[in-house]
Amino acid sequence: MEVIIAPKARSDIASILAWTEENFGPQTLKRYAKLIATALEQIAENPERAGSRQRPEIAEHCRTYHLYFSRKSAGRAGDRIRQPRHLLLYRVTQANIVEIGRVLHDSMDLHANLPEEYRSSPE
C-alpha cells in the first residue's frame, strides 16, 4: 500500500530524532530512525499487522501501532532500541492509502493530539 506521512507526523519524526540525538547521541539516532522507517514499511505492507489496534475511542477509523512491535525487524539484538516509547497514529483510506497522521509518545493524550481530519471518515 502507499503511505502518506502528514506534515504533523513529519514534524513529530523530526522532533523525536532531534531529541534522541541530543539526549542519546548519533548511534541511537540512527537506530531510532531505522526503527521508525521499519515500522512505517511494515504498516504499509499490512495496516492490520499484529500489534496494530483499531482505536474507535479516539476516532472511528483510527488505528495505532507501537514501535515496540518493529524492534526485532529493525536490527540485531545489540543494535535495537530496547524500549521505544512512540506509536504511529494512522488510518487507511477507501483508496487503500495508509495515512500516518502523527507519531506520538505513548504517554500523550492521543485524542487531544488527533489531526482534525481524522474526526471524519477517510476518503
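Begin by selecting Arg80, which is found in the loop between H3 and S4. The model on screen is a predicted one. At 21% relative accessibility, Arg80 counts as partly exposed, because the buried class ends under 20%. Display its surroundings next: leaving out residues up to four places away in sequence, Arg80 touches Arg31, Arg71, Lys72 and Gly75. For a sense of scale, draw the C-alpha to C-alpha line from Arg80 to Glu117; these two residues are 37 apart in sequence and 34 Å apart in space.

**Lys72 and helix H3**

From Arg80, move to one of the residues it touches, Lys72. Lys72 is found in helix H3, which covers residues 71-74. What is its relative accessible area? The value is 63%, and Lys72 is therefore exposed. Now add Leu17 to the selection. Lys72 and Leu17 are separated by 55 residues in sequence, and their C-alpha atoms are 19 Å apart in space.

**The pair H1 and H2**

Leu17 leads to the next stop, as it is among the H1 residues that make the contact with H2. Select residues 7-24 for helix H1 and residues 26-45 for helix H2. Two packed helices are described by the angle between their axes and the distance between the axes. Here the angle is about 150 degrees, and the axes are 7 Å apart. H1 and H2 are therefore roughly antiparallel to each other, and H1 passes H2 in a right-handed crossing.

Show the side chains of the contact. On H1, select Ile13, Ile16, Leu17, Thr20, Glu21 and Phe24; on H2, select Pro26, Thr28, Leu29, Tyr32, Ala33, Ile36 and Leu40. Colouring by residue class divides the residues of this contact into 10 nonpolar, two polar and one charged.

Within this set, centre on Thr20, which lies in helix H1. Is Thr20 buried or exposed? Its relative accessibility is 4%, so Thr20 counts as buried. Leaving aside neighbours within four places in sequence, Thr20 is in contact with Gly25, Thr28, Leu29 and Tyr32.

**Aromatic pairs**

Next, display the rings of Phe, Tyr and Trp. How many aromatic pairs does a search of the whole structure find? The search finds three. A pair of aromatic rings is described by the distance of the centres and the angle of the planes.

Select Trp19 and Phe24. Their rings form an edge-to-face pair, with 5.6 Å from centre to centre and 65 degrees between the planes. Trp19 and Phe24 are both exposed. Phe24 is also among the H1 residues in the contact with H2.

Then select Tyr68 and Phe69. This aromatic pair is edge-to-face as well, at 5.8 Å centre to centre and with 85 degrees between the planes. Tyr68 counts as partly exposed because its relative accessibility is 42%. Phe69, at 43% relative accessibility, likewise counts as partly exposed. Add Tyr65 to the selection: Tyr65, Tyr68 and Phe69 form one aromatic cluster.

**Asn96**

The final stop is Asn96, in the loop between strand S4 (86-92) and strand S5 (97-105). Most residues other than glycine have a negative phi. What is the phi of Asn96? Inspect the backbone here: phi is near 60 degrees, a positive value in a residue other than glycine. At 45% relative accessibility, Asn96 counts as partly exposed.

Key:
Residues are numbered from 1 along each chain as its sequence is written. This is a predicted model: local features need pLDDT of at least 70, side-chain atom pairs count only at pLDDT 80 or more; totals for chains, interfaces and linings use all residues. Side-chain values use heavy atoms; hydrogens and water are left out. Axes are lines fitted to C-alpha atoms, for helices over the stretch in contact, and angles run from 0 to 180 degrees between N-to-C directions. Helices (H or I, at least four residues) and strands (E, at least two) are DSSP runs, numbered from the N terminus. Angles under 35 degrees count as roughly parallel, over 145 as roughly antiparallel, 65 to 115 as roughly perpendicular and the rest as oblique. A crossing is left-handed if the near helix is turned anticlockwise from the far one by less than a right angle, and right-handed if clockwise. Contact means heavy atoms within 4.5 Å. Ala, Val, Leu, Ile, Met, Phe, Trp, Tyr, Cys and Pro count as nonpolar, Asp, Glu, Lys and Arg as charged, and the others, Gly among them, as polar. Rings of Phe, Tyr and Trp (its six-membered ring) pair if their centres lie within 6.5 Å; planes under 30 degrees apart count as stacked, over 60 as edge-to-face and the rest as tilted. Buried means under 20% relative accessible area, exposed over 50%, partly exposed in between (1.4 Å probe, protein chains only).
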